[in-house]
Each structure stands twice: as structure tokens, then as C-alpha cells.
Amino acid sequence: MVEGRFVVGGNGLKDTAFIRSMVFTEEQGVDPSIEQDPYDQFAHHLIVSEGDEAIGTGRIIYKDDEFLIGRIAVLPSERGKGYGDLIVRMLCARAFEIGAQTVVVHAQVQVEAFYNKIGFKRISDVYQEAGIDHVTMVVDSEAFSKPCGGCSGC
């Protein structure tokens, strides 16, 4: 059974740190010294598990008057199963529940189309973050509420 659970702050960081290390540090070559940051201590973290195994994660932070989702990662062996979509949708839904008018993501350019399908729109030129090309994207609650189109079971 797949389960998504939110933890706040330092709770659950063991699971999120493992997944993020596998994806960002090992796979993408992000410097471990910048992968974890002080925001982890007060972020709303989402951990998606299948059975007892944590397989995906993401977080919401409130920074510079914006609700920002990020650190979205799914273990390589679990990709293509819709977990990334689930993570982003759960993070956005939580952000809107706690007061967001819009949700921002600093998306890697290679997954911009993925965020477009969820309703995000690009609002920046390409820039470097952790040595990887990114764009800033935003979604409001109206655009977010559109159906995902990923399955016909909704």
C-alpha cells in the first residue's frame, strides 16, 4: 500500500535524507554540503512509502513571502509509477490548505514539462542552482485544481 505522510521539521529527516542523498548527491552530483539546509528544520516534509520502504519525498518552505516546494525526489527504481505527480500534488494541496495563494517551484529544466502538466507556468529565464539548469515556475489554486489527465480513474 502506498502512503504519503507529512512530518514537520526534524521529524522524519532520516527517510528524506536517504532519498535526497540517493537522487541529488549520488545521481545528480549535487554537493552534499548544500543538499541539506537550515530550512529542513522547519519545513513540511512529505514522505511517500510503499509498505515499509520510503520511496519519495518533497518539502514545503515559506521563504521570501512565498510558499516554495522543492527537494522533490523519487528513488530511481520507483520512477514512472506516478509518485512524483503524487508528491507534487500533495505538497501543493498542503500549501494551499495552510494559506498559499500561489506555489512556487525551482524546477530543473529537464522536468519543466512534468510541472506544466500539473498547472505550473514558467516565470523566469534559465538559471543555475547547484550547478543544474533551473527555471522558476508558479501555480495558483485555480490552475492546480484542473484534473491531472494521468489516469482515467478520477
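Reading contacts, burial and packing

Q: Which residues does S124 touch, once those up to four places away in sequence are left out of the count?
A: In this predicted model, S124 touches V135 and T136 when residues up to four places away in sequence are not counted. Contact requires heavy atoms within 4.5 Å, and the C-alpha atoms of S124 and V135, 11 residues apart along the chain, are separated by 5.7 Å.

Q: Why is S124 called buried?
A: S124 lies in the loop between β6 (121-122) and β7 (127-129), and its relative accessible area is 19%. Buried means under 20%, so S124 is placed in that class by its value.

Q: What makes R94 count as partly exposed?
A: R94 has a relative accessibility of 22%, and the partly exposed class covers what is neither under 20% nor over 50%, so R94 counts as partly exposed. This residue lies in helix α3 and, leaving aside its neighbours within four places in sequence, is in contact with F6, H44 and I60.

Q: How far apart in space are R94 and V109, C-alpha to C-alpha?
A: R94 and V109 are 24 Å apart in space, with their positions 15 residues apart in sequence when counted as a separation along the chain.

Q: What makes Y39 and F42 an edge-to-face aromatic pair?
A: The ring centres of Y39 and F42 are 5.5 Å apart and their planes stand at 70°; because a pair needs centres within 6.5 Å and edge-to-face needs planes over 60 degrees apart, both conditions are met by these values. At 25% relative accessibility Y39 counts as partly exposed, and F42, at 45%, also counts as partly exposed.

Q: How do you know that Y115 and F120 form an edge-to-face pair?
A: Y115 and F120 are 5.4 Å apart, centre to centre, with 80° between the planes, and since the limits are 6.5 Å for pairing and over 60 degrees for edge-to-face, the name applies to them. Both Y115 and F120 are buried, and together with F114 they form one aromatic cluster. The structure holds five aromatic pairs.

Q: Which residues have the most contacts inside the largest nonpolar core?
A: This core has 37 residues, and those with the most contacts inside it are I69, V88, C92, V103, Y115, F120 and V139. Helix α3 gives the most to the core, with seven residues. C92 touches I69, V103, F120, V139 and F144, residues up to four places away in sequence not being counted. In soluble globular proteins, nonpolar side chains tend to be buried together.

Q: What makes D64 count as exposed, and where is D64 placed?
A: D64 has 65% relative accessibility, and exposed means over 50%, so D64 counts as exposed. The place of D64 is in the loop between β3 and β4, and its phi is near 55°, a positive value in a residue other than glycine.

Q: Why is A130 called partly exposed?
A: A130 has a relative accessible area of 42%, which is neither under 20% nor over 50%, and therefore A130 is partly exposed. A130 is found in the loop between β7 and β8, with a positive phi of about 55° although it is not a glycine.

Q: Which strand supplies the largest share of the lining of the largest pocket?
A: The largest share, seven residues, comes from β4. By class, this lining has 21 nonpolar, 10 polar and 12 charged residues.

Key
Residues are numbered from 1 along each chain as its sequence is written. Side-chain values use heavy atoms; hydrogens and water are left out. Helices (H or I, at least four residues) and strands (E, at least two) are DSSP runs, numbered from the N terminus. Ala, Val, Leu, Ile, Met, Phe, Trp, Tyr, Cys and Pro count as nonpolar, Asp, Glu, Lys and Arg as charged, and the others, Gly among them, as polar. A nonpolar core is a set of buried Ala, Val, Leu, Ile, Met, Phe, Trp, Tyr and Cys residues joined through side-chain atoms within 4.5 Å. Buried means under 20% relative accessible area, exposed over 50%, partly exposed in between (1.4 Å probe, protein chains only). Rings of Phe, Tyr and Trp (its six-membered ring) pair if their centres lie within 6.5 Å; planes under 30 degrees apart count as stacked, over 60 as edge-to-face and the rest as tilted.
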